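Thanks, everyone. I'll keep this short. Have a look at the structure first, then I'll start with the cysteines.

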Amino acid sequence: MPRVALVARHVDNAIEYAGNKQEPPAVCCQAADSACCEPPPAELREGVALFNAGEYFTCHEVLEELWRAELRPVRGLYQGILQIGVAFHHLQRGNWIGAVRLLERGLARVEPFQPCCQGVDTARLVAQARVCLEQLITLGPERSRAFSWRLVPTIVIHEHVDAEHGRNR
């Protein structure tokens, strides 16, 4: 399948997923990190709100403090979201290579926390960010201004997580 057709299919899938009012993942805990069973810290909520508002640099500032203070593996989630946000900051400034590299790094950090961690729908974030990365690679640096900003992920935090069992209620 030609690369353009492959990206178009991924874009269609991500848009369908993003618009789909699916139930949150059934289990929000990861065996590798029990911190995923905890509710999202206030700083994570603030960082996500800034990310969703397109305030990527300020999102970075907020999440960097949380990431640096956290010693458990869940710090990778915070760093990954931070890096995905910084990728879009780079893209806004015309830095294609910075955007691609940080999307790659951010995806690698968030992927282990799928499908959900601290209420964050990481499966959705990964799917949407991967589509953005594919489009940027397809466009290349010369055409990066044609990037479709409607593809930028919206990070979802599911509110009702049973902390004892990590199940959504």
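The link of C36 and C117 is left-handed, with -90° about the S-S bond. Keep in mind that this is a predicted model. The two sulfur atoms sit 2.0 Å apart. As a reminder, a disulfide is a covalent bond between the sulfur atoms of two cysteines.

What does the pair tie together? C36 lies in the loop between α1, residues 3-19, and α2. C117 lies in the loop between α5, 96-110, and α6, 122-139. So the disulfide joins parts that are 81 residues apart in sequence.

Are C36 and C117 buried or exposed? Both are buried.

How many disulfides does the whole structure have? A search finds one. Now two further cysteines. C59 is buried, at a relative accessible area of 0%. C132 is buried too, and its relative accessibility is 0%. The cut-off for buried is under 20% relative accessible area, so both values qualify.

Next, helix α2. This helix runs over residues 42-52. Which of its residues are buried? They are L44, G47, V48, L50 and F51. These residues cover an arc of only 160° around the axis, so they lie on the same side of α2. What do they pack against? Their partners are α3, residues 56-69, and α4, residues 75-92. Just after α2 comes G54, and its phi is positive, about 80°.

Now step back to the whole chain. The protein chain has six helices and two strands. What is their order along the sequence? The pattern reads α-α-α-α-α-α-β-β, with the helices ahead of the strands.

How much of the chain is buried? Of the 169 residues, 49% are buried. The chain exposes about 8700 Å². Carbon and sulfur atoms supply 52% of that area.

Last, the contacts. Take those between residues at least 6 apart in sequence. Of these, 66% join residues at least 24 apart. The disulfide is a link across sequence as well, with C36 and C117 in parts 81 residues apart.

To recap. There is one disulfide, and it is formed by C36 and C117. Helix α2 has its buried residues on the same side, and they pack against α3 and α4. That's my part; over to you for discussion.

How values were computed. Residues numbered from 1 in each chain as written. Predicted model: local features only at pLDDT ≥ 70, side-chain atom pairs only at ≥ 80, totals over all residues. Heavy atoms only, no water. Helix = DSSP H or I, 4+ residues; strand = E, 2+ residues; numbered from the N terminus. Buried < 20%, exposed > 50% of the residue type's maximum accessible area, 1.4 Å probe, protein only. Contact = heavy atoms within 4.5 Å. Areas by Shrake-Rupley, 256 points an atom, 1.4 Å probe, with all protein chains shown as cover. Arc of directions from axis to C-beta. Disulfide = S-S within 2.5 Å.
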